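User: I would like to go through the labels given to parts of this model and see what each one rests on. Please set the values against the cut-offs.

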Amino acid sequence: MFAAAAVQAQTTAKLPNVTILATGGTIAGTGATSTTTVGYTAATVGVQSLIAAVPEIAKVANVTGEQVFQIASENISDAQWLQLAKRVNVLLAQPNVDGVVITHGTDTLEETAYFLHLTVKSRKPVVVVGSMRPSTALSADGPINLYNAVRLAGTPEAAGRGVLVAMNDQIHSARDVTKANTTTTDTFRTSELGVIGYIQGGKPFFYRNVVRNHTLDTEFDVSKLDALPQVDVAYAYANVGDVAVNALVAAGARGLVHAGVGNGSLPAKTKPALVKARKDGVVIVRASRVGQGIVARNGEANDDELDFVVADTLSPQKARILLMLALTKTTDTKNIQRMFYTY
C-alpha cells in the first residue's frame, strides 16, 4: 500500500503545475434549460466548479484555481486588464508555476489575449480559453476546451510562443486570432495567416512559429501602471462624417484608431477632423475594417505628411491596444510606427 502511494505521489509530482485564473464569461455561464445556447446568463459558475466538472484535468496537471473577477467579457475594463496582467506576471515568476490558463468570455477574448501577449514578462505558456455554449448546455464546449488549454499550458513546447488561444481543438496566436461568428463553436479563426497548431487526443501539435515580438521581447511594463491612456475607435462607412471623431476627441481621447474602409481609406467628410485632431496632439492610427491584409503606409493617405501611423495587419480593436501601450512610452509617431511593425 505504501509503495503504491509513493508511486502515485511521484507521478503527481512529475505533472506540470498549472494555475487557472477565472474571469467569467460563457464558459462559466448557465442557461434555463439544456438547450439554451443563446439568452443564457454568463459568469455564474466559480472556478472550483469549472475544475470539478473536468476531473480528467487531474491526470495531466496539478491544477489550482483563482477567481480573479466574474464578469461577461463585454464589460471588461482597462483596470481589469492591468489587474490580470500583474497577477499573471506574479504567478509566472514563481518556480512552482509552469503555466497559466485564463478562462474568459469570448466577446473580447482576442483583446485580452493580445494585451497579455504584449505585457506578460515570461516565456512560460499562457493560454486563454472560453466557450460558445454555457456549462448547462447539451454538448457544452467548455469542458473539452478547458482540458485542452490546461494540457497546452503544461506543455514545454508551448513556451516562448507568446499568449495562445485554445478553442475548438485549435491553437491560435493572440496577435492574429479573431472571433468570426456570433454563435458557432468554431468562431475563433486566424483565417488568413492560419492557426499555429492543433490539439488532437489531448496532445498539442505545432506547425508554425510566432515571429512578431511578444512577452519578454516587448518594451511594455505595466507593473507600476494603474490606468491606461484613453484610445478610441472611429468606424468608417458610406457617407460617414466627422461626428464620431470630434466626439471622441472632445471626450478626451489621446489616441484614435480610424477603422477605415478598404486599405484604411480616409473619407472626405472625415479626413479634416482627423487632420485637426492630429494637429491638436491626438495620435491617429489608420486601420481597416476589412479584417485581413496590410494597411499600406502612404497608400490611401500621405501618412508622412499627415503624421499618421498605420496599423499593419492589426484589427482596429487590437491596434487600439497597441496604441494604448505605446502611449505609455512615447507620443512620437515615428517610434509608434516602429512598434506597429515590431509587434
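Analyst: The model is a predicted one. A starting point is R151, which is partly exposed at a relative accessible area of 28%.

User: Why is R151 called partly exposed?

Analyst: Buried requires under 20% and exposed requires over 50%. The 28% of R151 lies in between, so the label is partly exposed. R151 belongs to helix α5.

User: Which residues does R151 contact, apart from its neighbours within four places in sequence?

Analyst: They are V60, G202, K203 and P204. With G202 there is also a specific atom pair: the side chain of R151 reaches the backbone oxygen of G202 at 3.0 Å.

User: What makes that pair with G202 a polar contact?

Analyst: The cut-off for a pair of N or O atoms is 3.5 Å. The distance from the R151 side chain to the G202 backbone oxygen is 3.0 Å, so the pair is within the limit.

User: How far is R151 from G99, in sequence and in space?

Analyst: The two are 52 residues apart in sequence, and their C-alpha atoms are 9.7 Å apart.

User: What does helix α5 pack on?

Analyst: Helix α5, residues 142–153, packs on a sheet and touches β1, β2, β3, β4, β5, β6, β9 and β10. The direction of α5 makes about 155° with that of β3.

User: What is the strand order of the open sheet, and why are β2 and β10 called edge strands?

Analyst: The order is β2-β1-β3-β4-β5-β6-β9-β10, eight strands with mixed pairing. β2 (62–71) and β10 (203–206) each have a single partner strand, so one side of each has no neighbour in the sheet. On average, neighbouring strands are turned by 25° against each other, direction ignored.

User: How do you know that β3 and β4 pair?

Analyst: Pairing needs at least two bridges. Four bridges join β3 (residues 99–103) to β4 (residues 126–129), so the condition is met. The two strands run parallel, and V100 stands opposite V126 in β4.

User: Where does helix α3 pack, and how do you know that its length fits a helix?

Analyst: Helix α3 (residues 78–92) packs on the sheet, touching β1, β2, β3 and β4. Its 15 residues should span 21 Å at 1.5 Å a residue, and the end C-alpha atoms of α3 are 21 Å apart, so the two agree. Among the buried residues of α3 are W81, L84, V88 and L91. Their cover includes α4 and α9 as well as β1, β2, β3 and β4.

User: What makes D312 and R212 a salt bridge?

Analyst: The limit between a side-chain nitrogen of Lys or Arg and a carboxyl oxygen of Asp or Glu is 4 Å. The closest N and O atoms of D312 and R212 are 3.0 Å apart, so the pair qualifies. D312 lies in the loop between β14 and α9, and R212 in the loop between β10 and β11, so the pair ties together parts that are 100 residues apart in sequence.

User: Are D312 and R212 buried or partly exposed?

Analyst: D312 is buried, with a relative accessible area of 5%, while R212 is partly exposed at 24%. Both residues belong to a salt-bridge network that also links R175, D176 and R208.

Methods: Residues numbered from 1 in each chain as written. Predicted model: local features only at pLDDT ≥ 70, side-chain atom pairs only at ≥ 80, totals over all residues. Heavy atoms only, no water. Axes fitted to C-alpha atoms, helices over the stretch in contact; angles between N-to-C directions. Contact = heavy atoms within 4.5 Å. Buried < 20%, exposed > 50% of the residue type's maximum accessible area, 1.4 Å probe, protein only. Expected span 1.5 Å × (residues − 1). Polar contact = N/O pair within 3.5 Å; in protein donor to acceptor, adjacent residues only side chain to side chain.
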